[in-house]
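The following report goes through helix packing, the surroundings of a ligand and a few local backbone features.

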Amino acid sequence: MKKFTKIKPLTKYILNIKKKVKKIGFVPTMGYLHEGHLSLIREAKKKSDIVAVSIFVNPTQFGPKEDFRKYPRDLRRDVKLLKKEKVDILFYPTAVEMYGTKGINSKNTFIGVPELSNKLCGKYRPGHFRGVATVVAKLLNIIQPDYAYFGKKDFQQLVIIKKMAEDLNIPVKIIGCPLIREKDGLAMSSRNKYLTKSERNDALILYRSLKEAVLMIKKGEKNTDIIINKIKNMIETVKSAKIDYVYIVNPDTLEPVEIVKKKDVIVMAVWIGKTRLIDNAEV
Ligand code: AMP
């Protein structure tokens, strides 16, 4: 595995490989890797000759009161996991490398996809998707992959990145990969580390309520209000839980729907204690 912290030598290396090999697959992450991340890497391996992974806890996607400082990090462990997966390139830049020595300020260029970013999580995390779209665009320019892989776990993020890449004519195919869960159904997330033992148990209500909703839909219920009420009622039985939102949305526009159709997505963000979790299920 070739490791880089600097953009220039990485770009030189990439341009060289692009002359020689066929396809580069890219998986951007914030590290503290789990099976969800590894599933993206394995998917990337299938189509590409070279797989590149980035680890960068991107400061511009965290709000001033969010967990940027305490976000879990363990580069040593991550490197071991990546070597085991036979990843070819790891890029783990510093914030200075990505945003310059003057730090992040209003002189920087930012990318916004406002329509898709202002709703759902964007309402509760202003500026979050602007930071995400910007860092992903930068990473795509640096790595120049043929394919880039994103998890459906972050459904809104995937939709926004697809739109951003399309709008900016970035020559990359954005590929959405399945949401990976723990055996008991909890969606894998680096942030699950924050949960205490009892909160870890409480957090199962997200998956349970989604499963119940999918079952209702399978049995013929199409009325969104009825389904969402059921989900909310289930979640509200858990003391440590506080709902930010629950919607059933169109997968392209992220607009809430009144009558559920195939491919719509049930999306939710729920606090369990001090940890904000997101989850979703495709209908
Ligand atoms: P993160 O490190 O949380 O920024 O995630 C990096 C990538 O891994 C994103 O594309 C996420 O959607 C994806 N990812 C995170 N958790 C999961 C999961 N449980 N299943 C599938 N993909 C995931």
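Helix α7 (residues 128–143) and helix α8 (residues 155–167) approach each other with their axes within 10 Å, crossing at roughly 50°, in what is a predicted model. The two helices α7 and α8 are therefore oblique to each other, and their crossing is right-handed. On the side of α7 the contact is formed by Phe-129, Val-132, Ala-133, Val-136, Ala-137 and Leu-140, while α8 contributes Gln-156, Gln-157, Ile-160, Ile-161 and Met-164. Sorted by class, the residues of this contact of α7 with α8 comprise 9 nonpolar and 2 polar ones, with no charged residue.

A second helix pair is formed by α10 (residues 204–218) and α11 (residues 224–236), which pack at an angle of about 155° with their axes 9 Å apart. Because an angle over 145 degrees counts as roughly antiparallel, α10 is described as roughly antiparallel to α11. The crossing in which α10 passes α11 is right-handed. From α10 the residues in contact are Ile-205, Arg-208, Ser-209, Glu-212, Ala-213, Met-216 and Ile-217, and from α11 they are Ile-226, Ile-227, Lys-230, Ile-231, Met-234 and Ile-235. The contact of α10 with α11 divides into 9 nonpolar residues, 1 polar residue and 3 charged residues.

Turning to the ligand, which residues are the closest to it? Of the 17 residues that surround the ligand, the closest are Met-30, His-37, Asp-154, Ile-180 and Met-188. The table lists polar contacts made with oxygen atoms of the ligand.

| Residue | Protein atom | Distance to a ligand oxygen |
|---|---|---|
| Met-30 | polar backbone atom | 2.9 Å |
| His-37 | polar side-chain atom | 2.8 Å |
| Gly-151 | backbone N or O atom | 2.9 Å |

In these contacts, Met-30 uses a polar backbone atom and Gly-151 a backbone N or O atom, whereas His-37 uses a polar atom of its side chain.

Another polar contact lies within the protein. Glu-97 is located in helix α4 (residues 95–99), and its side chain reaches the backbone nitrogen of Ile-7 at 2.7 Å. When residues up to four places away in sequence are not counted, Glu-97 touches Thr-5, Lys-6 and Ile-7, so that the partner of the polar contact, Ile-7, is also among the residues within 4.5 Å, the cut-off for contact.

Two loop residues deserve a look for their backbone angles. Most residues other than glycine have a negative phi. Tyr-32, by contrast, has a positive phi near 50°, and its place is in the loop between β2 (24–29) and α2 (35–47). Leu-254, which is not a glycine either, has a positive phi of about 65°, and this residue sits in the loop between β7 (241–249) and β8 (265–272).

Methods:
Residues are numbered from 1 along each chain as its sequence is written. This is a predicted model: local features need pLDDT of at least 70, side-chain atom pairs count only at pLDDT 80 or more; totals for chains, interfaces and linings use all residues. Side-chain values use heavy atoms; hydrogens and water are left out. Axes are lines fitted to C-alpha atoms, for helices over the stretch in contact, and angles run from 0 to 180 degrees between N-to-C directions. Helices (H or I, at least four residues) and strands (E, at least two) are DSSP runs, numbered from the N terminus. Angles under 35 degrees count as roughly parallel, over 145 as roughly antiparallel, 65 to 115 as roughly perpendicular and the rest as oblique. A crossing is left-handed if the near helix is turned anticlockwise from the far one by less than a right angle, and right-handed if clockwise. Ala, Val, Leu, Ile, Met, Phe, Trp, Tyr, Cys and Pro count as nonpolar, Asp, Glu, Lys and Arg as charged, and the others, Gly among them, as polar. A residue is near a molecule or strand if one of its heavy atoms lies within 4 Å of it. A polar contact is a pair of N or O atoms within 3.5 Å; within protein, one must be able to donate a hydrogen and the other to accept it, and residues adjacent in sequence count only if both atoms are side-chain atoms.
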